Amino acid sequence: MSLGKKEMKRKQKREDIIHTAEKLFFSNGYDDVSMNDIAKEAGMSKATLYLYFDNKDSLFFAVVLRGIKIMKSLIEKEMKNAEKGIDKVFAYRNVYFDFAVKYPDYLYVYNYFLSGRFNLTRIVDNLVMKDVIEKGRKYSMFPATIASFDENEKKIMEIRKDILILLINSIKIGVEDNSIKDEIQPVEMAVLINSMTENNLNMPPDLIKALEMNGSDNKKFFLDASNLINNLLK
């Protein structure tokens, strides 16, 4: 077998393992899945599994990466189709909501990734926010040293960075085309909108219950929050 075919076979095997792990993480959650479970479901030994992935975290990150790639692609498409800056901002909000409806399992693992279970600080401090500020404000307050971390974890955070930059630039376009008021600070507003959007769809049960008791639900709250953002921007 040629080196090219061997590499293709290895890549396919790796994708098959990710697919198997994905099913288990979706059905059982991160904490209740072990490398033994994944190896058994994939029909291989645990030793063979470790030839492809160093640990469970790395496999979980590979699953999360699949989902956030889909999200980014949808956001880019809808933002491109929107003409004015403010429409691009709400394209982001609408895509996020649609993603939550169409891909709830990917949203679940993505939210778990962001929950504090994993130490993302070393990436944020050394990689992501440095570039965000450089591209958003044209100067940086963050150090340039890069820490060591899982490659899939790094890619997830880089995509988060890219999405935030899209949002920052959309707000800037809105200021330029007068669809967004000029006193808006793009980076701060992008962070606010991003935080509101993610938290709107990752609400703890007591707050969901409070909405229900008030005759509301997640969807209505999401729309009301969009109206609030609209009033802030215009």
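Colleague: With which handedness does α4 pass α5?

Modeller: In this predicted model, local features need pLDDT (the predictor's confidence in each residue, from 0 to 100) of at least 70, side-chain atom pairs count only at pLDDT 80 or more, and totals for chains, interfaces and linings use all residues. Residues are numbered from 1 along each chain as its sequence is written, and side-chain values use heavy atoms, without hydrogens and water. Helices are DSSP runs (H or I, at least four residues) numbered from the N terminus. The crossing of α4 and α5 (clockwise turn of the near helix from the far one by less than a right angle) is right-handed.

Colleague: At what angle do the axes of α4 and α5 cross?

Modeller: Helix α4 covers residues 56-81 and helix α5 residues 85-102. Their axes (lines fitted to C-alpha atoms over the stretch in contact, heavy atoms within 4.5 Å) come within 9 Å. The crossing angle, on a scale from 0 to 180 degrees between N-to-C directions, is roughly 145°.

Colleague: How far apart are the end C-alpha atoms of α8?

Modeller: Helix α8 has 26 residues, 151-176, so at 1.5 Å a residue it should span 38 Å. The model agrees, with a distance of 37 Å.

Colleague: Which residue just after α8 takes a positive phi?

Modeller: The phi is about 70°. The residue is N178.

Colleague: What is the mean pLDDT of the protein?

Modeller: Of its residues, 88% reach 70 or more. The mean is 88.

Notes
Helices (H or I, at least four residues) and strands (E, at least two) are DSSP runs, numbered from the N terminus. The expected span of a helix is 1.5 Å times one less than its number of residues.
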